[in-house]
Amino acid sequence: MSTPYLLQDALIDEIKALFVGFETENARGEPAPLNVYPQRLPDKQEEDDSEHFPYIIVRVMDGGTAGEDEAATCKIGLIVGVYDESSDQQGHRTVLNILRRIETHFFTKRFVDRKYQIVYPYDWTLYEDDTAPFYFGGAETNWLLPAVRQEVDLFGD
């Protein structure tokens, strides 16, 4: 069975593998790998969310099925948050690089877990407000899930 949460789990695993060895700063200014979370940030352990940086959230947004023999669709949002304390305030570049790396990977590969297919459009955005040294962006991805097929009882049981 293919469900949106199984797609979410597969995407989390795929993104973790894609970014093995990749590091950027955490909110303490130390090199840190990307954290990848399902749906939202975990509960705060400190007064703020800085312990979660850098991160990608893989969020199931919506989906549906247009017809009986058509594949189900699922929209997945990717939210990126990074910390960059450099004086040139160019943390958005790290966000853009992460989003582009994900886009390139998925559209080159096209399938995740041999059953979920990414389809266009792929839309990305940067958070426009000045939140330095925290920078945010996101992408909206669209996926096809295997179609649900009607069972046929050939023997009349």
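# Questions on a six-stranded sheet and its two helices

Reader: In what order do the strands of the open sheet of six strands stand?

Author: Strands are DSSP runs of E with at least two residues, helices are DSSP runs of H or I with at least four, and both are numbered from the N terminus. Two strands count as paired if DSSP finds at least two bridges between them. The pairing in this open sheet of six strands is mixed, and the order is 3-4-5-8-7-6.

Reader: Which strands stand at the edges of this sheet?

Author: An edge strand here has a single partner strand, so one of its sides is left without a neighbour in the sheet. That description applies to strand 3 (35-38) and strand 6 (111-112).

Reader: What kind of model is this?

Author: Residues are numbered from 1 along each chain as its sequence is written, and side-chain values use heavy atoms, with hydrogens and water left out. Local features need pLDDT of at least 70, side-chain atom pairs count only at pLDDT 80 or more, totals for chains, interfaces and linings use all residues, and the model itself is predicted.

Reader: Over how many bridges do strand 5 and strand 8 pair?

Author: In this pairing, Ala 72 has Leu 145 of strand 8 as its bridge partner, and Ile 76 stands opposite Thr 141 in strand 8. Strand 5 (residues 72-83) and strand 8 run in the antiparallel sense, and the number of bridges is 12.

Reader: What angle does the direction of helix 1 make with that of strand 4?

Author: Helix 1 packs on the sheet and touches strand 3, strand 4 (55-64), strand 5, strand 6, strand 7 (116-126) and strand 8. Helix 2 also packs on the sheet, touching strand 4, strand 5, strand 6, strand 7 and strand 8, with its direction at about 165° to that of strand 7. Such angles run from 0 to 180 degrees between N-to-C directions, and axes are lines fitted to C-alpha atoms, for helices over the stretch in contact. For helix 1 and strand 4 the angle is about 150°.

Reader: How many bridges join strand 7 to strand 8?

Author: Within this pair, Asp 123 stands opposite Glu 140 in strand 8. The two strands run antiparallel, and the number of bridges that join strand 7 to strand 8 is seven.

Reader: Is helix 1 roughly parallel or roughly perpendicular to helix 2?

Author: Helix 1 (residues 4-18) and helix 2 (residues 91-109) pack at an angle of about 115°, with their axes 11 Å apart. Angles under 35 degrees count as roughly parallel, over 145 as roughly antiparallel, 65 to 115 as roughly perpendicular and the rest as oblique. Helix 1 is therefore, with respect to helix 2, roughly perpendicular.

Reader: Which residues of helix 2 make the contact with helix 1?

Author: Contact means heavy atoms within 4.5 Å. On the side of helix 1, the contact is made by Leu 11, Glu 14, Ile 15 and Leu 18. The residues of this contact divide into five nonpolar (Ala, Val, Leu, Ile, Met, Phe, Trp, Tyr, Cys and Pro), three charged (Asp, Glu, Lys and Arg) and one polar (the others, Gly among them). On the side of helix 2, they are Arg 101, Ile 102, His 105, Phe 106 and Lys 109.

Reader: Is Gln 8 buried or exposed?

Author: Gln 8 is placed in helix 1, and beyond its neighbours within four places in sequence, Gln 8 is in contact with Pro 38, Gln 39, Val 58, Arg 59 and Val 60. Buried means under 20% relative accessible area, exposed over 50%, and partly exposed in between, with a 1.4 Å probe and protein chains only. At 8% relative accessibility, Gln 8 is buried.

Reader: How far apart in space are the C-alpha atoms of Gly 138 and Leu 78?

Author: Gly 138 lies in strand 8 (residues 134-145) and counts as buried at 11% relative accessibility. Its contacts outside the four nearest places in sequence are Leu 78, Ile 79, Leu 99, Asp 123, Trp 124 and Thr 125. Gly 138 and Leu 78 are 60 residues apart in sequence, while their C-alpha separation is 5.2 Å.

Reader: What is the omega of the cis peptide bond that joins Ala 132 and Pro 133?

Author: Pro 133 lies in the loop between strand 7 and strand 8. Another cis bond runs from Phe 53 to Pro 54, with omega near -15°, and Pro 54 lies in the loop between strand 3 and strand 4. For Ala 132 and Pro 133, omega is about 10°.
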